[in-house]
Amino acid sequence: MSLSDDTAELRLERTDTHPAIRRPVIEVIDVWKTYRSGSLEVDALRGVSFTIDPGEYVAVMGPSGSGKSTLMHILGCLDVPTSGQLLLAGEDVSRMTEEELAHVRNRRIGFVFQQFNLLASLDACRNVELPLLYAGVDRAERRVRALAALERVGLGDRVDHRPGELSGGQQQRVAVARALVTDPDLILADEPTGNLDSVSARDVMDLLGELHRSGRTVVLITHDRDVADASERTVLIRDGRIGEPTATVAGGRGTAG
Amino acid sequence: MNLLETFRTGLEAVASHRLRSALTVLGIMIGITAVILTVGLGEGAQQQVGSEITALGSNLLTVTPGSSTSSTGVRGGFGSASTLTVGDAAALDSKVVAPDIGAVAPATSASESLVAGTTNWTTTVVGSDPSWLTVRGRTMTEGRFIDQRDLATRAEVTVLGATTAEELFGFRDPVGQTVDVAGQPMTVIGVLNSVGSSSSSSTVADPDDQAVVPLTTASALLFGASSRNSVSQILIQATSAGTLSAAYQEADAELLSLHGITTATAADFTITSEQQVLSTATSVDRTLTVLLGGIAGISLLVGGIGVMNIMLVSVTERIREIGLRKALGATPRVIRRQFLVEASVLGSVGGILGAVLGVVGALVLPHLISNPITVSPAAAVGAIAIAIAIGIVFGVYPAGRAAKLPPIDALRSE
């Protein structure tokens, strides 16, 4: 296992450090997702296509039921499209096996969830170490990198606190540190402020903005106009399709959320 | 992720859920302890019964008169016939006829009143010959036993059991004293060893309370049997415990032919053996072992179901965790391995603690209850193996299923 891990890591670093290779981080090509429940078929995504380039800060916005959660799951390799293609850093992940998808999630994507999803039994540092554990990084290096990531999100003094001993905002910052620690191609944040008060929410949004400014690709999924406004670009989704240009929909739905 | 990391992750999960881990271990532990103790009690009882029966002497056969049928067809009850004679005993004593019979003692007995001076005592008076001592496996503490000369001369002598001697003579030396047996004065020539009532044979109520006189003296002076030659039982000692059944066959065949009986069902005598008691006892306690094994099995089953429930609940409440770990890059195989480590650790710790507690219980409990407990290594090993197997099956199987769920479904579960 460790041999293939090492080569994967090497390859990853090479693409990152090679300025000549500037492929889009994400290419979504005519993606459909159909859920079947008995004889009932629901098309959650109906031919979605868009591209996100390295270093972009994109918000995917839409009301509930629009298909944005489905899109987020597919972008995060947590689910596979029924048809169409998804290229992550040029690699087609839409037909990968579960094992391969696990590796892609581990190396290319950093998740920030609405529910934080930290393990209550582990302290902040151990939570941040988790993705490195599955990447096969040895113990000492895991610790160093996790501490650095926590320092980065301003929690250098909270490394041995368990999630229960941290505020919501702090927990979400631990989650952001966990998303950063593998140095992924993409940080995928699903309603990251949905469970936070406005002060903590601003904190986390500032942090994501900062990450973007330092050159990271951030994709934000939200139904909240204000949150989406923090991004450079908004991809609107309604009824499973990419919607009208930003301004039009923003004018019509500006007060929603 | 390598095996060491998997192992460490599993151990951490066990350590970080202290209450749940402790309950699981407790469930396994109690199951194992129960199995070890119940099986141990059963085996202890079995050994105890076995050794007590062996102490009775397992190579003894007793021939008693059977039912008789008179010429008018009236059947008498068991033991009513006086069909056994001194001649039968003599015939059985022949090495030619019955090579597997070691010693034969004809005996006849009755309850008689013994009087020594002003003291009287009613006891069983046995008329027999010198081989009685060998057949019964007794020894003398004082004086001598009846010899052939006493038998030939119908000597008016008696040998007393320890209790009888004490009742009649107190602390005085009984040897040489005179005691009236059913009105006949007899000289006490010896005292039998004391064997205690716990190992009493089925034929004599208390082996320490009896008086033995020469068979000829008993027939002539005391009992007045219908025939002077009839005896109430013939005691046969096989040459060893192994030849008991051969001795049984030989005695049976010889007596049938002596009595001119052609069909075995019409036999006018009954041969019983201590072996029959032994085999009955063995089968009784085999039943006991099965019963206790059943109880142990049920306690293991109950313990196992407890472990199963805790494991299932634990995995179910951790489906979110499994989803998260998968989202962060854990493959289903890694998840399964982690749960395998957790289940094995819980199973082994519970199993070993249970075995230790069981062995300690087996050492301590016999001081509180009267039954011995024998720890059976097979039962202990089996119980531990089953506990670990239950833990693994019910810990890993649902975890494996959860690991196959799409991570997003697992993450969404509450």
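## Chain contact, a sheet in chain A and a helix in chain B

In this predicted model, 19 residues of chain B are in contact with 21 residues of chain A. On the side of chain B that touches chain A, the elements contributing two or more residues are helices H1, H10, H11 and H13 of chain B, whose residue ranges are set out in the table. H10(B) supplies the largest share of that side, namely four residues. By residue class, the side of chain B that touches chain A comprises 11 nonpolar, five polar and three charged residues.

| Helix of chain B giving two or more residues | Residue range |
|---|---|
| H1(B) | residues 3-16 |
| H10(B) | residues 319-327 |
| H11(B) | residues 332-368 |
| H13(B) | residues 407-412 |

Within chain A, six strands form an open sheet of mixed pairing, arranged in the order S6-S7-S8-S3-S9-S10. The edges of this sheet are strand S6 (109-112) and strand S10 (241-242) of chain A, each of which pairs on one side only. Strand S3 (residues 57-61) of chain A pairs with strand S8 (residues 218-222) of chain A in the parallel sense, over five bridges, and A:Ala59 stands opposite A:Leu220 in S8(A).

In chain B, helix H7 (residues 215-223) has as its buried residues B:Leu215, B:Thr217, B:Ala218, B:Ser219 and B:Phe223. The cover over these buried residues of H7(B) includes two helices of chain B, H3 (86-92) and H5 (148-153), together with strands S2 (101-116), S3 (119-128) and S8 (210-214) of chain B.

Terms used:
Residues numbered from 1 in each chain as written. Chains lettered and ligands numbered in written order. Predicted model: local features only at pLDDT ≥ 70, side-chain atom pairs only at ≥ 80, totals over all residues. Buried ≥ 20, exposed ≤ 12 C-beta atoms within 10 Å, placed from the backbone. Contact = placed C-beta atoms within 7 Å. Nonpolar A, V, L, I, M, F, W, Y, C, P; charged D, E, K, R; others polar. Pairing = 2+ DSSP bridges.
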